[in-house]
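I opened this model to look up its nonpolar cores and one of its sheets, and I note below what I found.

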Amino acid sequence: MEMVECSFVAARAPRRMLPKTPPAVLGIGRARLRVRSEGLEQPPPVIRTSSPPEHDGGALGKAAAGLAAAAVVSLTGFAGDIIAPPPARAESLTVAFPVSKAREVNRVQRTLVEAWGLIRETFVDPTFNHQDWDQKLQQTMVEMFPLKSADAAYGKISGMVSTLGDPFTKIISPKEYQSFRIGSDGNLQGVGIFINTEPGSGRLLVMNCVQGGPADRAGIHEGDELVEIDGNSVLGLDGEAVAQRLRGRAGTTVQVKLLDGTEIERSGRTKQKEVQLSREVINISPLSTAIISHRSGDGLEGKTGYVRLAAFSQTAAAEMESAVQRMEDEGVQSYILDLRNNPGGLVKAGLDVAQIWLDGDETLVNTVDREGNVRAINMVQGQSLTHDPLVVLVNEESASASEILAGALHDNGRAILVGHKTFGKGRIQSVTELDDGSALFITVAKYLSPALHEIDHIGIQPDIQCTPDMLSLPRVPPLSENSEAATSLEMDSCIMVAEQALEIQQSKGSVS
């Protein structure tokens, strides 16, 4: 029979989060499998433990009994960058299952056990949504056994994971995982467009376009709704599936049909637009900046640095540090950090960005593990680049790492929040590359703001509310020669509210 071994430790004691490296989608772990073959006359018990098990796995053992061939997965240790020290007590698991005659399905069977084991060890809810997780493996394995294709088998894994009741814990295919890594690294071949699924309606809305990219040049704007790609409806697809269809080799083209969001907002009428886009190599920078020059009531010239962060990629913190330092050198006296429509990304990047603005040993975020243990993640002798007044803009699409950053700056008294209540995704995830190249996202902890405010499903309330309406005229004429970007910002009502808040801060003195 075929023997498969992968590293795994099933914890029997409360886990501690890393004291120095923040947990989350910080880095990417990789599960490892060793494959060997040997003969067994009878399959062993389905689940064995070296210490008293929580579940006896008896039903699963009965299901496997009598089968001439079985694959055995010994789960004996887990290497990753989410959990720090090994647990005080651990159990070694051995899982047996009937080998599918279809080779590609057999490979997915191993992936199933890898995914099941990692979830069993690290998922934030130790009740697994009030179900017997060992029994769930049995059920899924029985359903997978007669299948003929890998796609159908992967569907069974996704179905098993969905029963956890956590939309953010999921498995993605090797191709989707490569797209995820591209998004985190910052380079791809495509049309330069960011799509997000609107909660509730499921509509696929344009969040923004890469400046100067194919979509931007074609006149696609934030708020447009994507309805077709190459003549095929996108109904029922998620953002990642759409991204797959839009990406492709540079030089190829793709036809997209959209509903004009600007026209709907202006007149209430639906107007379609169809454009052909040529794919290019897109260098994604998550950062865009501008300096808004203005005169105060006493006639003095002032400069506000505007920084928009679209996502928390691996380069986000370094790019922001460079941008802030450059604006400091240009005499900027206050800042607006725009996190609107930022869905998150790498949590470590969010924490690194926070340290650009904060001093000392401030708490950046609190994590709550599956045992309910709360642990603070603090800076160590932090030194900010600037103490100038700061306003952070947020809205209902600001999520995850955006909420961590906004909470850190707000609760430590560094920034005023302006905008709308945030999305409320207070969960930290691990990402583990599995043996077949797919990846498993697992919610391993929840987080609270530094002031211990709950974020998950609640969000963060801003200090000052504002409406997203675009005004017909800027409040004050911009002073900069290159005024197009500054004028657009000055027409944004939330930017105007932010500037007023900054004026009040400056009149009281810089925040420290």
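My entries on the cores come before those on the sheet.

I kept in mind that this is a predicted model, in which local features need pLDDT of at least 70, side-chain atom pairs count only at pLDDT 80 or more, and totals for chains, interfaces and linings use all residues. Residues are numbered from 1 along each chain as its sequence is written, and side-chain values use heavy atoms, with hydrogens and water left out.

I looked up the largest nonpolar core (buried Ala, Val, Leu, Ile, Met, Phe, Trp, Tyr and Cys residues joined through side-chain atoms within 4.5 Å; buried means under 20% relative accessible area with a 1.4 Å probe, protein chains only). It has 74 residues, and those touching the most other members are Ile119, Ile157, Met320, Leu337, Trp357, Val392 and Leu409. Helix 2 (residues 103–122) gives the most to this core, eight residues (helices are DSSP runs of H or I, at least four residues, and strands are runs of E, at least two, numbered from the N terminus). I also noted a second, separate core of 18 residues, including Cys209 and Val256.

I then turned to an open sheet of six strands, ordered 18-19-20-23-24-27 with mixed pairing (two strands pair if DSSP finds at least two bridges between them). Strand 18 (287–295) and strand 27 (464–465) each have a single partner strand, so one side of each is left without a neighbour in the sheet. Strand 20 (residues 334–338) pairs with strand 23 (residues 390–394) in the parallel sense over four bridges, and Ile336 has Val391 of strand 23 as its bridge partner.

Technical notes: Buried < 20%, exposed > 50% of the residue type's maximum accessible area, 1.4 Å probe, protein only.
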